[in-house]
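Work through the exercises below with the structure open. Each task is followed by a stepwise solution.

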Amino acid sequence: MIKEELTPKQIVQELDKYIVGQKDAKKAVAIALRNRWRRQQLPEELRDEIIPKNILMIGPTGVGKTEIARRLANLVGAPFIKVEATKFTEVGYVGRDVESIIRELAEASFKMVKAEKMEEVQEKAKQLAEEKVLDYLVPRKVRAYGTLESYEEESPAREKFRQMLKEGQLDEKVVEIDVEEKPVSVIGGVIAPGMEDIENQLRDLFSSLSPSKRKKRKVTVKEALKIIQQQEAEKLIDMDEVASEAVYRAENYGIVFIDEIDKVAGKSTGSSPDVSREGVQRDLLPIVEGTTVSTKYGPIKTDHILFIAAGAFHLSKPSDLIPELQGRFPIRVELQPLTKDDFVKILTQPKNALIKQYKALLETEGVNLEFTDDAIETIAQIAEEVNEKTENIGARRLHTILEKIMEDYSFEAPELKGQYIIIDQKVVKQKLENVIQSEDLTRYIL
């Protein structure tokens, strides 16, 4: 799972392609990831003793906390889920069951392993799909010997059709095929809040009890090949093996990102409406400390799952968390607010930079878009000023400002085909002038 050659420095370099700044946070997660590889090299008796050092990220919204965790999981193909701590207190005391975090992780792990196994058998599934489609186009004669059945030798017509199928000459021909239909669940909308897991289990139970039906569908040969290839691939893989591998990966490589942890921090006074905050922390504690959660793929031990918690901690501080939970997040990383220079880099440098996204979007309409350097500087300057004047929402402010600048161009793009649009400092100021001058408008619009 974790490649030996992925050193902490290389992990940070990979994260730098998408996230600007925040060297301390990147360093912390890179060490945590490398420690997982180190743990796998140890003798088994010592391996179980080493638990991951969970990380608490502290910093304002929009500075890259979630993005760091998500990119980290993508980097090594680890099962990853993001949950909001506030989900567990939505309706008074009736929030979601915290064990659903691990069930979601198991689901993510299962989908990942299944996709990999399906990829491995695609070639064989493709061959089987071709044979089945040929059976619909040129049915083979069956010769019976008592209870035994065998196909007669292939006719020249079938061989000719096979050649045409491989060359794509039959792609648009319509064929009637049998498709397996999964039974529609009758469960839904009857379960109380916080009981979603029971609802899912009931749905799985009913779907396994109901036999799958087959119905006839008229589709093109190209589509028939896709449908049958998918069905055959599912038959070729061993689902028990997939479930077993999914449980192993979730236990040893799973990453859980708990956002908004600061919203459940704070001492409860007993009479306040937030009395359930401490309850949520106590519920989270056994999951983070290490417990066994039953999932539909098998029991999952949470001892070696890496937990990354994050929060802005504007109104509370990490020491407001209950001591037991604080002790389970030994690594504290403070993320820095973003400056004008950071905004310039965010607009231009990452692989998924915002300006690159807008250029690509308008290119689909045949419009060439260009941002000048002074325009980018001005946008970054405005983003910094608005963040200081109003709420600091970090890089998300750039989305708002760019959308305001691009609004008219995006709207008129189909009529601007073939044109070359240059956005300079003058255009930026003209589009944002009225909004920036009025502080009230700035609050509402930007």
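The model is predicted.

**Exercise 1. Find the strand order of the open sheet of 5 strands, and name its edge strands.**

Solution.
- Step 1. Read across the sheet: the order is β2-β7-β10-β1-β11.
- Step 2. Check the sense of pairing: it is parallel.
- Step 3. Look for strands that pair on one side only: these are β2 (80–84) and β11 (331–334), the edges.
- Step 4. Add the twist: neighbouring strands are turned by 20° against each other on average, direction ignored.

**Exercise 2. Describe how β7 and β10 pair, and state which residue of β10 stands opposite Val256.**

Solution.
- Step 1. Locate the strands: β7 covers residues 255–259 and β10 covers residues 306–311.
- Step 2. Count the bridges: the two pair in the parallel sense over 4 bridges.
- Step 3. Go to Val256: Phe307 in β10 stands opposite.

**Exercise 3. Which strands does helix α4 lie across?**

Solution.
- Step 1. Find α4 at residues 65–76.
- Step 2. List the strands: β1 (55–58), β2, β7 and β10.
- Step 3. Take the direction: α4 runs at about 170° to β7.

**Exercise 4. Place Ile308 in the nonpolar packing.**

Solution.
- Step 1. Start with the largest nonpolar core, which has 62 residues.
- Step 2. Pick out those with the most contacts inside this core: Ile308, Phe371, Ile379 and Ile423.
- Step 3. Find the largest share: helix α15 (residues 373–389) gives 7 residues.
- Step 4. Leave aside neighbours within four places in sequence. Contacts of Ile308 then include Val29, Ala69, Leu72 and Val256.
- Step 5. Keep the other core separate: this one has 44 residues, among them Leu56, Phe110, Ala250 and Ile258.

Notes
Residues are numbered from 1 along each chain as its sequence is written. This is a predicted model: local features need pLDDT of at least 70, side-chain atom pairs count only at pLDDT 80 or more; totals for chains, interfaces and linings use all residues. Side-chain values use heavy atoms; hydrogens and water are left out. Two strands pair if DSSP finds at least two bridges between them. Axes are lines fitted to C-alpha atoms, for helices over the stretch in contact, and angles run from 0 to 180 degrees between N-to-C directions. Contact means heavy atoms within 4.5 Å. A nonpolar core is a set of buried Ala, Val, Leu, Ile, Met, Phe, Trp, Tyr and Cys residues joined through side-chain atoms within 4.5 Å. Buried means under 20% relative accessible area, exposed over 50%, partly exposed in between (1.4 Å probe, protein chains only).
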